[in-house]
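Subject: Structure for your review

Dear colleague,

Please find below the structure I am handing over to you, with its sequence. My findings follow directly after it.

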Amino acid sequence: MHFKQVFNQPTRIGTPQLTFLAVANQLSHPRLGLAISKKSDKRAVARNRIKRHIRESFRLNQQQLPGLDIVVISKPGVSQLSDADLNKMLEKSWRRLLRRFTIS
């Protein structure tokens with residue numbers, strides 16, 4: 001995936017802790033990129049936990065998503081979320097992204 005293409009003209013979905021940038025690709029499946037910075041948490045263990053949850057949630061929802069290139073960017077405070085809250089927020093974000101791209 002080329003991150004620059006996603007950052008040029010993205011469709012944005014935002015939560016207080018994560019930002020989703022998406023752009024349609026020419027493929028039949030979605031692709032995921034992650035930008036989990038040290039500003040979200042200084043500890044690598046915490047950043048890796050966030051990445052694991054995002055990847056697993058994407059894996060479970062990718063069949064419903066159209067051909068998109070998606071970049072998930074973390075914001076400070078995301079590591080304070082419990083696993084259940086993080087998963088709930090991710091599920092809601094995938095649904096919002098699906099609605100945004102099936103309408104347009």
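Helix α2 comprises 18 residues, and the distance from its first C-alpha to its last is 26 Å, close to the 26 Å expected at 1.5 Å a residue. Please bear in mind that this is a predicted model.

One group of residues in α2 is buried: Ala46, Arg47, Arg49, Ile50, His53, Ile54, Ser57, Phe58 and Asn61. These residues lie on the same side of α2, because the arc they cover around the axis is only 165 degrees. On the other side of α2, the residues Val45, Arg52 and Leu60 are exposed. As general background, an α-helix has 3.6 residues a turn, so residues three or four places apart point the same way.

Asn61, which belongs to helix α2, deserves a separate remark. Its relative accessibility is 7%, so Asn61 counts as buried, the cut-off being under 20%. When neighbours within four places in sequence are left aside, Asn61 is in contact with Glu91 and Trp94.

Helix α2 also carries a salt bridge, in which the side chains of Glu56 and Arg59 meet at 2.7 Å, N to O. Why are Glu56 and Arg59 separated by about one helical turn? The two are 3 residues apart in α2, which accounts for that separation. Glu56 is partly exposed, at 36% relative accessibility, and Arg59 is likewise partly exposed, with a relative accessible area of 47%.

I turn next to the sheet. The model contains an open sheet of 4 strands, in the order β1-β2-β4-β3 and with mixed pairing. Its edge strands are β1 (11-14) and β3 (31-35), each of which pairs on one side only. Direction ignored, neighbouring strands of this sheet are turned by 20 degrees against each other on average. Helix α2, residues 44-61, packs on the sheet and touches β2, β3 and β4 (68-74). The direction of α2 makes about 165 degrees with that of β3.

Strands β1 and β2 (residues 18-24) run antiparallel and are joined by 4 bridges. Within this pairing, Ile13 has Phe20 in β2 as its bridge partner. In general, the strands of a sheet pair through backbone hydrogen bonds, either parallel or antiparallel.

The remaining findings concern charged side chains. How many salt bridges does a search of the whole structure find? The search finds 4, and the pair in helix α2 described above, Glu56 with Arg59, is a salt bridge.

Another salt bridge is formed by Arg31 and Asp69, whose closest N and O atoms are 2.8 Å apart. Arg31 lies in strand β3 and Asp69 in strand β4, so this pair ties together parts that are 38 residues apart in sequence. The partners fall into separate accessibility classes: Arg31 counts as partly exposed, at 26% relative accessibility, whereas Asp69 counts as buried, at 2%.

Arg43 and Asp41 form a further salt bridge, with 3.1 Å between the closest N and O atoms. Here Arg43 counts as exposed, at 52% relative accessibility, while Asp41, at 10%, counts as buried.

Yours sincerely,

A colleague

Methods: Residues numbered from 1 in each chain as written. Predicted model: local features only at pLDDT ≥ 70, side-chain atom pairs only at ≥ 80, totals over all residues. Heavy atoms only, no water. Pairing = 2+ DSSP bridges. Axes fitted to C-alpha atoms, helices over the stretch in contact; angles between N-to-C directions. Contact = heavy atoms within 4.5 Å. Buried < 20%, exposed > 50% of the residue type's maximum accessible area, 1.4 Å probe, protein only. Expected span 1.5 Å × (residues − 1). Arc of directions from axis to C-beta.
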